[in-house]
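Please load the model and keep a selection panel open, since the stops below are meant to be followed one after another.

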Amino acid sequence: MPSCLSACPLDCYDACGIFYDEGVLKPFKNGHTQGFLCPHMNHYNSHARVEKPRYKGQEISMDEALIKLKEILDANLKSETLCYKGSGNFGLMQSVTEEAFAQMGSFLTDGSLCDGAGEAGIIEGRGSNKNMPLSEIAKSEVVVIWGRNPHVTSSHLLPLLKDKRLIVIDPVETKIAKMADLYIQIKPHTDIYLAMLLYRFLHIEDSCDDEFLAEFASEHEDYYELTQTIRIKAVLDDIGMTLGQIGDILHYIVGKRTAIVCGVGIQKYRDGADVIRAIDTLAVGLGLFGKEGCGVAYLGDSKEGIATPFLSAKKAKKVSKVNTAFDAFKTVFVQGANPLAQMPDSNRVKESIGRTENLIYFGLYENETSAAADLVIPAKTFLEKEDIRTSYSHNGMLVMHKQIESDIGISEYELAAYLAKTYALELKSEAEYLEYFKNYGVVKIDGSFEVENRQAVPYREGFDTDDGEFLFLEEFEAPKKPQEDEFYLITPKAAKSLNSQFERSEYLYIHSSVGLREGEVVRVVSENGSLELAVMINDNLREDTLLIYNATAGVNNLTSSKHSYEGKNAIYQENFVRIEKID
């Protein structure tokens with residue numbers, strides 16, 4: 001592979017290939033990158049980074065920072081240390097620091113701030129989380145965009161939608177919704193009802209794929225009985241739909257090569273696993289699995305087919321990533337994350353993390369966590385180190401060659417190697433790890449790598465359950481509803497920010513019918529906390545929703561640190577909020 005080839009390191013769907021050419025980032029024109037980069041990569045070099053280590057606010061050298069790290073770790077038992085790693089940088093080598101801390105007896109985290117509930121639901125039904133790759137979406141006749149905003153989160157999906165029938169289901173009338181053949185402005189957290197109703201009418205109209213059901217989903221009659229517990233008129237009124245729209249959706253998708261493309265917002269609830277599982281079940285009824293151009297695209301397992309070499313990290317003691325008790329540890333080492341802004345229930349996080357003796361931040365950008373840290377260690381960018389990444393929306397394996405020599409920062413491997421040397425840990429060389437990961441890839445005809453042994457069309461031979469059949473939901477929980485003076489809180493990603501990186505919004509967005517003035521500052525209140533923001537009017541929203549982008553400073557004052565029932569996922573959108581005028 002050419003040494004100028006690299007890949008986007010950011011935690012998003014597309015995982016683009018990149019050429020580095022004399023300081024300019026250019027798209028790799030083959031495959032999924034489609035010859036263009038998203039706004040984050042186009043402006044990657046314009047964002048200021050942490051350049052100097054510091055301790056207690058004073059700049060120090062990197063050597064001094066590493067010595068200070070050793071002093072901090074020596075001062076307490078390693079079991080009193082927590083390594084809290086984020087996913088803002090997606091290279092496979094990022095976990096080597098977790099391996100070092102795990103070998104020292106430190107705690108790591110498990111669970112997810114993003115997608116764990118949906119993945120749990122997929123695994124419960126299918127037995128594994130194998131994604132429908134972009135190459136298969138390209139073969140579809142109909143694409144259902146369900147709670148996803150590709151113009152913001154997955155722009156490389158957009159060229160694949162050309163000349164396809166397009167259905168969009170979303171509480172927000174996004175840019176893609178305005179392009180749709182059919183748009184359903186669904187009420188938040190009612191997706192499970194819609195998926196179950198669609199399955200019910202699929203059955204009533206004798207439009208199920210009976211051959212597929214007989215072979216791979218023999219318990220389908222029991223699930224149909226579960227859907228009959230739903231009162232059709234009442235639920236349609238609640239969702240904000242008509243019976244005619246149910247018929248329109250089925251008219252478009254029955255008998256067609258259909259891709260159902262789901263976003264993560266639809267599963268950020270206590271019952272998030274059930275929501276995705278119900279959508280999967282609709283696809284089962286249509287017989288979409290195991291066929292070209294058909295299936296459900298969510299977030300696949302980016303490490304599918306790759307056994308981790310970091311065995312100590314896999315076996316380490318772990319605490320929840322969602323409601324971490326930071327004050328149970330004397331030292332908290334944060335890598336590539338901003339828990340003081342990204343984690344739910346910020347007031348609890350601030351109190352808990354404030355009671356730790358030592359907060360260490362290892363990352364690229366200044367943020368709330370770096371500002372509070374005792375020791376700050378700058379990291380290398382993806383252009384300044386070797387790495388490899390995979391994707392959860394395609395099967396590519398992208399080699400990230402080092403492009404720049406820089407005196408700024410230290411790589412994850414270099415930091416782990418320092419710990420290994422200091423504490424007599426067992427680490428392989430960086431080259432050995434990189435070669436290990438490369439051995440899971442196979443070179444394709446166009447010169448790019450793909451992860452070997454992944455199925456281009458998943459589930460051709462049935463599901464990965466014990467008997468090869470899909471496992472249906474047996475019960476579901478009715479979603480909670482807001483009080484009369486409450487709004488649904490929606491917290492999507494913004495076009496110019498990624499989690500809490502880059503440009504961050506400062507507004508709350510609300511429908512004009514609520515009666516607020518644009519620019520007016522109001523207080524948004526939930527049972528967890530409050531936040532004051534200026535109003536921006538947006539009539540693309542439903543009247544019962546309030547939108548605050550997930551990178552907005554203080555938005556997680558409003559969110560709960562409870563887990564989803566399955567998947568240990570954060571439930572950012574199961575929060576109702578009120579608006580208070582400020583005198």
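Select Y84 and V334 to begin: V334, in β14, is the bridge partner of Y84. This is a predicted model, in which local features need pLDDT of at least 70 and side-chain atom pairs count only at pLDDT 80 or more, while totals for chains, interfaces and linings use all residues. Residues are numbered from 1 along each chain as its sequence is written, and side-chain values use heavy atoms, with hydrogens and water left out.

Extend the selection to β6 and β14 (residues 331-335), which run parallel and are joined by 5 bridges; strands here are DSSP runs of E with at least two residues, helices are runs of H or I with at least four residues, and both are numbered from the N terminus. Two strands pair if DSSP finds at least two bridges between them, and the open sheet of 6 strands reads β5-β4-β16-β15-β14-β6, with mixed pairing. At its edges stand β5 (58-59) and β6 (81-85), each with a single partner strand, so one side of each has no neighbour in the sheet.

Next, select I260, which touches V144, W146, I279, L282, A283, L288, G295, V296 and A297 (heavy atoms within 4.5 Å), leaving aside residues up to four places away in sequence.

Which residues have the most contacts inside the largest nonpolar core? They are W146 and I260, in a core of 63 residues, where a nonpolar core is a set of buried (under 20% relative accessible area, 1.4 Å probe, protein chains only) Ala, Val, Leu, Ile, Met, Phe, Trp, Tyr and Cys residues joined through side-chain atoms within 4.5 Å. Helix α8 gives the most to this core, with 10 residues.

Notes. Buried means under 20% relative accessible area, exposed over 50%, partly exposed in between (1.4 Å probe, protein chains only).
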